[in-house]
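Subject: Structure handover

Hello,

Please find the structure below, followed by notes on what was found in it.

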Amino acid sequence: MIQCPDKLTIQAVIDGEETDIQIIDHLQSCPRCCQIHSEMKDAFTPADNLGSTVKLPAEFLGRLNEKLSPQPFPAAMAAAVIFTLAIFSAYLTNPGYLQWWLSVGITRQISYLIDAFIDLLYISHIVGPTGVIIGLAALVALEVLILNMLRNVEGQINV
Ligand SMILES: [Zn+2]
């Protein structure tokens with residue numbers, strides 16, 4: 001007959017990690033070890049095997065995930081409210097400013113876009129179709145480079 005095993009060994013037998021037949025025989029024959037083995041086995045019974053008849057509702061996991069997931073900040077709504085407040089306060093401050101911005105300001109922004117488009121047309125006439133293709137390829141390469149840099153930054157933040 002072997003010596004009484006320690007509790008870690010008994011736990012290893014319960015977990016199925018210890019398969020030495022002498023230890024298992026000892027656990028069944030020694031009254032003290034048999035009692036320790038029985039108590040530890042009862043204590044480590046998985047919760048699923050408990051005799052409870054109460055079950056979680058089927059939608060429990062979905063509701064739990066819903067509560068645990070972060071709620072998105074309503075950024076578009078906040079931006080719309082801030083923009084509306086800015087327009088309203090600008091109107092209250094001086095109605096002429098708002099009128100000027102609606103007429104001259106927006107027209108100036110659109111004229112910048114039109115000028116840039118016309119400049120691109122002039123440049124394309126100067127560099128020819130090969131130059132346009134090379135320019136677009138350079139822009140695509142720049143975008144890929146920037147996206148790769150951003151992916152690395154996001155990976156570091158999300159880890
Ligand atoms: Zn024993």
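To begin with one side chain: apart from its neighbours within four places in sequence, Q11 touches M40 and F44. This is a predicted model, and everything below should be read as computed from it. Q11 belongs to helix α1, which spans residues 7-15. With a relative accessible area of 14%, Q11 falls under the 20% cut-off and is therefore buried.

Helix α1

Q11 has company in this respect, since I10, A12 and V13 in α1 are buried as well. The cover over the buried residues of α1 includes α2 and α3. After α1 comes G16, which has a positive phi, near 85°.

Helix packing

The axes of α1 and α2 lie 11 Å apart, and the two helices pack at about 100°. An angle between 65 and 115 degrees counts as roughly perpendicular, so α1 and α2 are roughly perpendicular to each other. On the α1 side the contact is made by T9, I10 and V13, and on the α2 side by I23, I24 and L27. Sorted by class, this contact of α1 with α2 has five nonpolar residues, one polar residue and no charged ones.

The second pair is α2 (residues 21-29) and α3 (residues 31-43), whose axes come within 5 Å and cross at roughly 95°. That crossing makes α2 roughly perpendicular to α3. From α2, the residues H26, L27 and S29 meet P31, C33, C34 and H37 of α3. By class, the contact of α2 with α3 contains four nonpolar and three polar residues, with no charged residues. L27 thus appears in the contact of α2 with α1 and in the contact of α2 with α3.

Zinc site

Which residues coordinate the zinc ion? The donors are C4 through SG, H26 through NE2, C30 through SG and C33 through SG, at 2.0 to 2.4 Å. The spacing of these donor residues in sequence is C-x21-H-x3-C-x2-C. Why is the arrangement called tetrahedral? The four donor atoms subtend angles of 101 to 117° around the zinc ion, and four donors count as tetrahedral if all angles lie between 85 and 135 degrees.

Two of the donors can be described further. H26 is buried because its relative accessibility is 3%. C30 has a relative accessibility of 10% and so counts as buried too. H26 and C33 also take part in the contact between α2 and α3.

The segment before α1

I2 sits in the segment before α1. Is I2 buried, exposed or partly exposed? Its relative accessible area is 30%, so I2 is partly exposed. Leaving out neighbours within four places in sequence, I2 is in contact with Q22, I23 and H26. Of these, H26 is one of the zinc donors, and I23 is one of the α2 residues in the contact with α1. I2 and D25 are 23 residues apart in sequence, while their C-alpha atoms are 9.5 Å apart in space.

Regards

Methods: Residues numbered from 1 in each chain as written. Predicted model: local features only at pLDDT ≥ 70, side-chain atom pairs only at ≥ 80, totals over all residues. Heavy atoms only, no water. Donors = N, O, S within 2.8 Å, 3.2 Å for Na, K, Ca; no water. Tetrahedral: all angles 85-135°; square planar, octahedral: opposite > 155°, others 65-115°. Buried < 20%, exposed > 50% of the residue type's maximum accessible area, 1.4 Å probe, protein only. Axes fitted to C-alpha atoms, helices over the stretch in contact; angles between N-to-C directions. Helix = DSSP H or I, 4+ residues; strand = E, 2+ residues; numbered from the N terminus. Parallel < 35°, antiparallel > 145°, perpendicular 65-115°, else oblique. Contact = heavy atoms within 4.5 Å. Nonpolar A, V, L, I, M, F, W, Y, C, P; charged D, E, K, R; others polar.
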